[in-house]
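Here are my notes on the model, written to be read with the structure open beside them. I've grouped the points by region.

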Amino acid sequence: MNSDGAYANLVLPALLRERRLTGRDAAFATELLAGTCRWQGSYDTIIAAAAGRPLNGFQPAVLDLLRLGAHQMMSMRVPVPAAVAASVDLAAATVGERVTGLVNAVLRRVADKTLEEWFDQLSDGLDDRDRLALRSAHPRWIVDAYAELLEPAELEQALAANNQSPPISLAVRPGLAEVDDLVHAGAEPSTYSPFAARWRGDPGELAFVRDGRVGVQDEGSQLVTWALTRAAAAPGWWLDLCAGPGGKSALLAGLARLDGSRLVASDVALHRAILVAAAVRAYAGRGTGPTVLVADATRPAWRADSFSRVLADVPCTGLGALRRRPESRWRRGPTDVERLHALQVALLASAIGSAATGGIVGYLTCSPHRRETSDVLNETLAVRTDVEVVPAAQLLPEVPGAALGPYLQLWPHRHGTDAMFAGYLRKTR
């Protein structure tokens, strides 16, 4: 998984089905993979100290085995002999007999201390944020980014929330299903979104999901999409200009249908556009589906000034979805933030250019990092005179503690959602 850049939450469900793992076995496999990915950086520090050598001295596959073994011993209460034996057997089967002695020796040294004892030893001499980074399994640069927005006590809560596996959040397609339908099937209503319900188990078990009347979508994602449709604007064409994988497009398609409007859903990548088409298939089957395009939003394939609502859910680092993609924290870095910033500014400019006078533009990211959120909007507002901010809190009055100045910032520890950011603009001329 690390070698090919895959994400645990996308790879694991297929592997569980392929291996026919269910119940406790599936839960064990899920925690083993997700937990190891989540705590990878902290385990790496421990492994390097226990081995007395830098990590670049290990083969990548061996390092992954050591991480898996460390997680079993330190966080899953697997007895040390069992965890070491399983790791050595796996090393022999996947890498070769020649590395089994190394794996055995390093893991036994890791097991000499508890996780807390390792943290106490390795925290000696660190400043407060480096210590928090180690103990919360976050790189220092992410701790710094969160600290710009949160007080110290809440900062710890936010980082801890990133280490909790979230429930599965379902979204009904407006006009095709109701939350009550899901409740009758065994789901629980969610807190804020009128389209959301929480589900325990495989969502593929539900006929509503299989036929496209319901999808899997974080409640925060639903809320920031819904807010776009609550600002006053005339009916007309709506645009989702970074539409893949399609959850927001499906919600917008239903809301546009109820508004007497139509949706264009576009993505630059063909495979993501295919996912969008799959997400909106239930509307397409009724003749009310959106137009799905493959197009680069920085070079629009549509006429300027022609949409009454435009959603720009731009590519970002995904720092707001670390509960779901725990390995992202170790794969991204500050250079990614700056690289994406330029693209985000360009996509917001395209969104504004696509909107008609009086139209509403929603700028969204699944990241709380200032360079991906308020900086993009503020830089844009500083050079444009044809847009004004629509205060986001007015669009979601049901959600407390979400205002970030005139913008919106959701948090796992406050709202139980991904850390979605949103800003809304009205085009004035």
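1. A word on the labels before anything else: helices (H or I, at least four residues) and strands (E, at least two) are DSSP runs, numbered from the N terminus. With that in hand, Pro245 can be placed in the loop between S5 and helix H14 (247–259). The peptide bond leading into Pro245 from Gly244 is cis, with omega near 5°. Bear in mind that this is a predicted model.

2. Staying around S5, look at Ala234. Ala234 sits in the loop between helix H13 (219–228) and S5. Is Ala234 buried or exposed? Its relative accessibility is 52%, so Ala234 counts as exposed, the cut-off for that being over 50%. If you want a distance to check on screen, Ala234 and Ser165 are 69 residues apart in sequence, and their C-alpha atoms are 40 Å apart in space.

3. Next, the parallel strands. S5 (residues 237–240) is joined to S8 by three bridges, and the two run parallel. Strand S8 (residues 307–313) also pairs with strand S9 (residues 355–365), again in the parallel sense, over six bridges. Arg309 is a handy landmark here: Trp238 stands opposite Arg309 of S8, while the bridge partner of Arg309 in S9 is Ile360. How much of S8 is buried? Seven of its seven residues are.

4. There is also an antiparallel sheet. It is open, has four strands and runs in the order S2-S3-S1-S4. Strand S2 (188–189) and strand S4 (214–216) are at the edges; each has a single partner strand, so one side of each is left without a neighbour in the sheet. S2 pairs with strand S3 (residues 196–199) over two antiparallel bridges, and Glu188 has Arg198 of S3 as its bridge partner.

5. S1 deserves its own point. Four bridges join S1 to S3, and three join S1 to S4. Follow Ala171 to see both pairings: its bridge partner in S3 is Ala196, and Ala171 stands opposite Gly215 in S4. S1 is mostly covered, with four of its five residues buried.

6. Ser169 belongs to strand S1 (residues 168–172). Why does Ser169 count as buried? Its relative accessibility is 7%, and the cut-off for buried is under 20%. Leaving aside residues up to four places away in sequence, Ser169 touches Ala196, Ala197, Gly215, Val216, Gln217, Asp218, Glu219 and Gln222. Pro203 is 34 residues away from Ser169 in sequence, and the C-alpha to C-alpha distance is 9.3 Å.

7. Now the helices earlier in the chain. H2 has 16 residues, which at 1.5 Å a residue should span 22 Å; the end C-alpha atoms are 22 Å apart, so the two agree. The buried residues of H2 include Ala26, Ala29, Leu32 and Leu33. An α-helix has 3.6 residues a turn, so residues three or four places apart point the same way. What do the buried residues of H2 pack against? The partners are H1, helix H3 (40–51), H4 and helix H17 (328–331).

8. Take a look at the second largest pocket while you're there. It holds about 810 Å³ of space. Of the 25 residues that line this pocket, Leu15, Leu32, Leu33, Leu68 and Leu90 are the closest to its centre. Helix H1 (8–19), helix H2 (23–38), helix H4 (60–75) and helix H5 (80–94) each supply at least two lining residues. Which helix gives the most to the lining? That is H4, with six residues. By type, the lining divides into 16 nonpolar, six polar and three charged residues.

9. Finally, two backbone angles to look at. Arg20, in the loop between H1 and H2, has phi near 55°, a positive value in a residue other than glycine. Ala137, in the loop between helix H8 (128–136) and helix H9 (140–147), also has a positive phi, near 60°. Their surroundings are worth setting side by side: Arg20 is exposed, with a relative accessible area of 76%, whereas Ala137 counts as buried at 0% relative accessibility.

Terms used
Residues are numbered from 1 along each chain as its sequence is written. This is a predicted model: local features need pLDDT of at least 70, side-chain atom pairs count only at pLDDT 80 or more; totals for chains, interfaces and linings use all residues. Side-chain values use heavy atoms; hydrogens and water are left out. Buried means under 20% relative accessible area, exposed over 50%, partly exposed in between (1.4 Å probe, protein chains only). Two strands pair if DSSP finds at least two bridges between them. On a 1 Å grid over the protein atoms alone, a cavity is a set of points where a 1.4 Å probe fits but cannot get out, and a pocket is an open set with protein on both sides within 12 Å along at least five of seven lines; lining residues have an atom within 4 Å of a point. Grid points are joined across faces, edges and corners, and a volume is the space filled by probe spheres set on the points. Ala, Val, Leu, Ile, Met, Phe, Trp, Tyr, Cys and Pro count as nonpolar, Asp, Glu, Lys and Arg as charged, and the others, Gly among them, as polar. The expected span of a helix is 1.5 Å times one less than its number of residues. Contact means heavy atoms within 4.5 Å.
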